[in-house]
Amino acid sequence: MQARLGSALGSLVATFALVVAVLALPAPAASAAGPAQEYASAAFKATNKVRARRDLDRLSRDRCLRRAAVRQARTMAGQENIFHQLLGPLLDGCLLSHVGENVAYGYPTGRTVVRKGWMKSPGHRANILARQWTEMGIAARRADDGTWYVAQVFGTPAG
């Protein structure tokens, strides 16, 4: 009887230790970057596709501009409000001679925001088709209500 009780108690202690070990593991990070990255990637590709159809140079990815786009998309989604960021600081901060921005909200995909949003708006369309741009950063974030907010930042390196 005591052997069985000891064995059962040992199993219970081992099971408890396993449960504690599993609970102590850090939770996996929320995969907000997955859908947001897919959205931004689709918008980046759609932008370059539109430019290519008009014999314009492809825009390259720029980390500094992407960081600015991420900050802006995150801020807009957090406030559930759309607005432009101050672009002047990016001139020095990203070593640019020119900078521009498109923002949008409510479009379900990155391709849609380019084709049905920005390309249908004269000012946004002009930004996408401007010859002066050589670099771009883009980011999208989803607000708590599920609405997508997106920022597209264009730049021309200084010098």
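The exercises below, each with a worked solution, concern a predicted model of a single protein.

**Exercise 1. Overall architecture**

Determine how many helices and strands the protein has, in which pattern they follow one another, and what percentage of the residues is buried.

Solution. Begin with the secondary structure, which comes to 6 helices and 4 strands. Next, read these elements along the sequence, where they follow the pattern α-α-β-α-α-β-α-α-β-β. Finally, turn to accessibility: of the 159 residues in the protein, 38% are buried.

**Exercise 2. The nonpolar core**

Identify the residues of the largest nonpolar core that touch the most other members, and then find which element gives the most to this core.

Solution. The largest nonpolar core has 22 residues, and those touching the most other members are V113, V114, W118, I128, I138 and V150. Tracing the core back to the secondary structure, one finds that two or more residues come from each of α2, α5, β3 (135-142) and β4 (148-157). Of the elements, α2 gives the most to this core, with 7 residues.

**Exercise 3. The positive surface patch**

List the residues that form the positive surface patch, state which element gives the most to the patch, and decide whether K120 is buried or exposed.

Solution. The patch is formed by K49, R53, R54, R111, R115, K116, K120 and R125. Assigning these residues to elements shows that α2 (33-53) and α5 (110-117) each give two or more of them, while α5 gives the most, with 3 residues. K120, for its part, is placed in the loop between α5 and α6 (122-129). Because its relative accessible area is 65%, and exposed means over 50%, K120 is classed as exposed.

**Exercise 4. Positive phi outside glycine**

For D55 and L95, give the value of phi, locate each residue relative to the secondary structure, and classify its accessibility.

Solution. Take D55 to start with: although it is not a glycine, D55 has a positive phi of about 55°. D55 is found in the loop between α2 and β1 (60-61), and it counts as exposed because its relative accessibility is 69%. Now treat L95, which is not a glycine either and has a positive phi of about 55°. L95 sits in the loop between α4 (88-93) and β2 (96-105), and its relative accessibility of 62% is why it counts as exposed.

**Exercise 5. Sequence separation and distance in space**

For the pairs P157 and T134, A77 and G146, and V99 and E135, set the separation along the chain beside the C-alpha distance, and classify the accessibility of P157, A77 and V99.

Solution. P157 belongs to strand β4, and its C-alpha atom is separated by 7.8 Å from that of T134, with the two residues 23 apart along the chain. With a relative accessibility of 35%, P157 counts as partly exposed. A77 lies in helix α3 (residues 63-79), and, with their positions 69 residues apart in sequence, A77 and G146 are 9.3 Å apart from C-alpha to C-alpha. A relative accessible area of 6% is under the 20% cut-off, so A77 is buried. V99, in turn, is part of strand β2, and it is 36 residues from E135 in sequence and 9.5 Å from E135 in space, again C-alpha to C-alpha. The relative accessible area of V99 is 18%, and this residue is therefore buried by the same cut-off of 20%.

How values were computed: Residues are numbered from 1 along each chain as its sequence is written. This is a predicted model: local features need pLDDT of at least 70, side-chain atom pairs count only at pLDDT 80 or more; totals for chains, interfaces and linings use all residues. Side-chain values use heavy atoms; hydrogens and water are left out. Patches are made of residues with over 30% relative accessible area and no salt bridge: like charges are joined within 9 Å, nonpolar side chains (Val, Leu, Ile, Met, Phe, Trp, Tyr) within 5 Å. Accessible areas come from the Shrake-Rupley method with a 1.4 Å probe; for residues, only the protein chains shown count as cover. A salt bridge is a side-chain nitrogen of Lys or Arg within 4 Å of a carboxyl oxygen of Asp or Glu. Lys and Arg count as positive and Asp and Glu as negative; His and the chain ends are not counted. The place of a charge is taken as NZ of Lys, CZ of Arg, CG of Asp or CD of Glu. Buried means under 20% relative accessible area, exposed over 50%, partly exposed in between (1.4 Å probe, protein chains only). A nonpolar core is a set of buried Ala, Val, Leu, Ile, Met, Phe, Trp, Tyr and Cys residues joined through side-chain atoms within 4.5 Å.
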